[in-house]
Amino acid sequence: MNCYNGENYLSESINSVLLQTYTNWELIFWDNKSEDKSAEIFKSYNDKRLKYHYASQHTVLYKARNEAIKKSSGEFIAFLDTDDWWD
């Protein structure tokens, strides 16, 4: 999940992942130098599957996603932005 100042819908987005019936996943949260409360919101969740990473510099979306992918350990990857949610 790439995030740059995504506090408005971030909780809904994270909750939509937590509510899935499939439980073997990890959520890589790539904080792309946010200046809002995104980090605080993400860190308020206590789930070991939620992984926080802070970018060393702000980058465009595709570069941020590529950096986040490098941090993943799963076999499959799905993209979810801070203003999206899963049914």
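Author: Asn5 is found in the loop between S1 and H1. Helices (H or I, at least four residues) and strands (E, at least two) are DSSP runs, numbered from the N terminus. The model is predicted: local features require pLDDT of at least 70, side-chain atom pairs count only at pLDDT 80 or more, and totals for chains, interfaces and linings use all residues. Residues are numbered from 1 along each chain as its sequence is written, and side-chain values use heavy atoms, with hydrogens and water left out.

Reader: How should one read the backbone of Asn5, and near what value is its phi?

Author: As a general idea, most residues other than glycine have a negative phi. Asn5 has a positive phi, near 50 degrees, and is not a glycine. Lys33 likewise has a positive phi, of about 70 degrees, although it is not a glycine. Lys33 sits in the loop between S2 and H2.

Reader: Are Asn5 and Lys33 buried or exposed?

Author: The classes rest on relative accessible area: buried means under 20%, exposed over 50%, and partly exposed in between, with a 1.4 Å probe and protein chains only. Asn5 counts as partly exposed because its relative accessibility is 30%. Lys33 counts as partly exposed because its value is 28%.

Reader: How does one read a sheet, and in what order do the three strands stand here?

Author: Two strands pair if DSSP finds at least two bridges between them. In this model, three strands form an open sheet with parallel pairing, in the order S1-S2-S3. Strand S1 (2-3) and strand S3 (50-54) are the edge strands, each pairing on one side only. S1 and strand S2 (residues 27-31) are joined by two bridges in the parallel sense. Asn2 stands opposite Trp30 in S2.

Reader: Which helix packs on the sheet, touching S1, S2 and S3?

Author: Helix H3 (residues 61-71) packs on the sheet and touches S1, S2 and S3, and its direction makes about 135 degrees with that of S2. Contact here means heavy atoms within 4.5 Å. Axes are lines fitted to C-alpha atoms, for helices over the stretch in contact, and angles run from 0 to 180 degrees between N-to-C directions.

Reader: How does one recognise the inward face of a helix, and which residues of H1 are buried?

Author: One asks whether the buried residues share a side. In helix H1 (residues 10-18), the buried residues are Leu10, Ser13, Ile14, Ser16 and Val17. Seen down the axis of H1, these residues fall within an arc of 155 degrees, so they line one face of the helix. The arc is that of the directions from the helix axis to the C-beta atoms. The buried residues of H1 pack against S2, helix H2 (38-43) and S3.

Reader: How are charged pairs read, and how many salt bridges does a search of the whole structure find?

Author: Side chains of opposite charge can pair when their charged atoms come close. A salt bridge is a side-chain nitrogen of Lys or Arg within 4 Å of a carboxyl oxygen of Asp or Glu. The search finds four salt bridges in the whole structure. One of them joins Glu26 to Lys51, with the closest N and O atoms 3.5 Å apart. The pair links distant parts of the chain, 25 residues apart: Glu26 in the loop between H1 and S2, and Lys51 in strand S3. Glu26 is partly exposed at 22% relative accessibility, and Lys51 is partly exposed at 31%.

Reader: With which residue does Asp81 form a salt bridge?

Author: Asp81 pairs with Arg65, the closest N and O atoms being 3.0 Å apart. This pair too links distant parts of the chain, with Asp81 in the segment after H3 and Arg65 in helix H3, 16 residues apart. The side chains of Arg49 and Asp47 also meet in a salt bridge, at 2.7 Å from N to O.

Reader: What is the nearest side chain of opposite charge to Asp31, and how far away is it?

Author: The nearest is Lys43, 6.7 Å away; Asp31 is buried yet has no salt bridge. For such a comparison, Lys and Arg count as positive and Asp and Glu as negative, while His and the chain ends are not counted. Asp31 is found in strand S2. Leaving aside neighbours within four places in sequence, the contacts of Asp31 are Cys3, Ala39, Tyr52, His53, Tyr54 and Ala55.
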